[in-house]
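Visitor: I am new to this one. Could you show me the structure and tell me how its labels are justified?

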Amino acid sequence: MGEAERGESAPRLRISFWCSNGHETQPSFASDAQVPDTWDCPRCGFPAGQDRDSPPDPPRTEPYKTHLAYVRERRSDADGEAILAEALAKLRGEI
């Protein structure tokens with residue numbers, strides 16, 4: 001199928017985007033489409049912007065926390081000892 005069967009293609013714009021690793025990507029947009037401020041880099045996945053000298057910063061990722069880490073943020077060691085003692089007392093039938 002060539003252009004004769006499909007008709008004329010819409011006018012396109014190729015816009016350059018750069019990520020913080022220096023990768024350039026040039027997606028094409030319809031000439032009447034709204035061009036986004038950022039575009040995901042297909043090579044590294046970081047956000048890319050149209051300003052080569054000032055690309056967007058890569059996203060900060062928080063390290064994975066276990067359930068125990070979240071519990072330790074909420075409770076002190078003394079609270080943990082008290083809860084453990086209560087649970088052991090229940091198991092032993094003291095309560």
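Guide: Start with the word "strand". A strand here is a DSSP run of E with at least two residues, and strands are numbered from the N terminus. With that, a place can be named: Cys44 lies in the loop between β5 and β6. Keep in mind that the model is predicted.

Visitor: What makes β5 and β6 a pair?

Guide: A pair needs at least two bridges found by DSSP. Three bridges join β5 to β6, residues 47–49. Three meets the cut-off of at least two, so the strands count as paired. They run antiparallel. Trp39 stands opposite Ala48 in β6.

Visitor: Which strands make up the open sheet, and in what order?

Guide: Four strands, in the order β3-β2-β6-β5, with antiparallel pairing.

Visitor: Why are β3 and β5 called edge strands?

Guide: Each pairs on one side only. β3 covers 24–25 and β5 covers 38–40.

Visitor: Which residues does UniProt list for "binding site"?

Guide: The record, an unreviewed entry, lists Cys19, His23, Cys41 and Cys44. Such annotations may be inferred rather than shown by experiment.

Visitor: How do you know that these four gather at one spot?

Guide: Set sequence against space. They span 26 residues in sequence, yet no two of their C-alpha atoms are more than 8.5 Å apart, so they gather at one spot. Contacts add to the picture. Leaving out residues up to four places away in sequence, Cys41 touches Cys19, His23 and Phe46. On the same terms, Cys44 is in contact with Cys19, Asn21 and His23.

Visitor: Why is Cys41 called buried?

Guide: Buried means under 20% relative accessible area. Cys41 has 5%, so it counts as buried. Its place is in the loop between β5 and β6.

Visitor: And why is Cys44 called partly exposed?

Guide: Partly exposed lies between the 20% and 50% limits. Cys44 has 28%, so that label applies.

Visitor: Is Ser16 buried or exposed?

Guide: Buried. Ser16 has a relative accessibility of 16%, and the limit is under 20%, so the label holds. Ser16 lies in the loop between β1 (12–14) and β2 (17–19).

Visitor: What makes the link between Ser16 and Glu24 a polar contact?

Guide: The pair of N or O atoms must be within 3.5 Å, and one must be able to donate a hydrogen and the other to accept it. The side chains of Ser16 and Glu24 are joined at 2.8 Å, so the distance fits. Ser16 also makes a side-chain polar contact with Gln26, at 2.9 Å. Glu24 and Gln26 make a side-chain polar contact too, at 3.3 Å.

Visitor: Why is Glu24 called partly exposed?

Guide: Its relative accessibility is 41%, which falls between 20% and 50%, so it counts as partly exposed. Glu24 is found in strand β3. Leaving out residues up to four places away in sequence, Glu24 touches Ser16, Phe17 and Trp18.

Visitor: How do you know that the length of α3 agrees with what a helix should span?

Guide: The expected span is 1.5 Å times one less than the number of residues. For the 16 residues of α3, 77–92, that gives 22 Å; the end C-alpha atoms are 22 Å apart, so the two agree. Gly93 follows α3, with a positive phi near 80 degrees.

Visitor: Into which domains is the chain divided?

Guide: Domain 1 covers 12–49 and domain 2 covers 62–94. Their centres, taken over C-alpha atoms, are 48 Å apart.

How values were computed: Residues are numbered from 1 along each chain as its sequence is written. This is a predicted model: local features need pLDDT of at least 70, side-chain atom pairs count only at pLDDT 80 or more; totals for chains, interfaces and linings use all residues. Side-chain values use heavy atoms; hydrogens and water are left out. Domain bounds come from an automatic or database domain assignment. Buried means under 20% relative accessible area, exposed over 50%, partly exposed in between (1.4 Å probe, protein chains only). Contact means heavy atoms within 4.5 Å.
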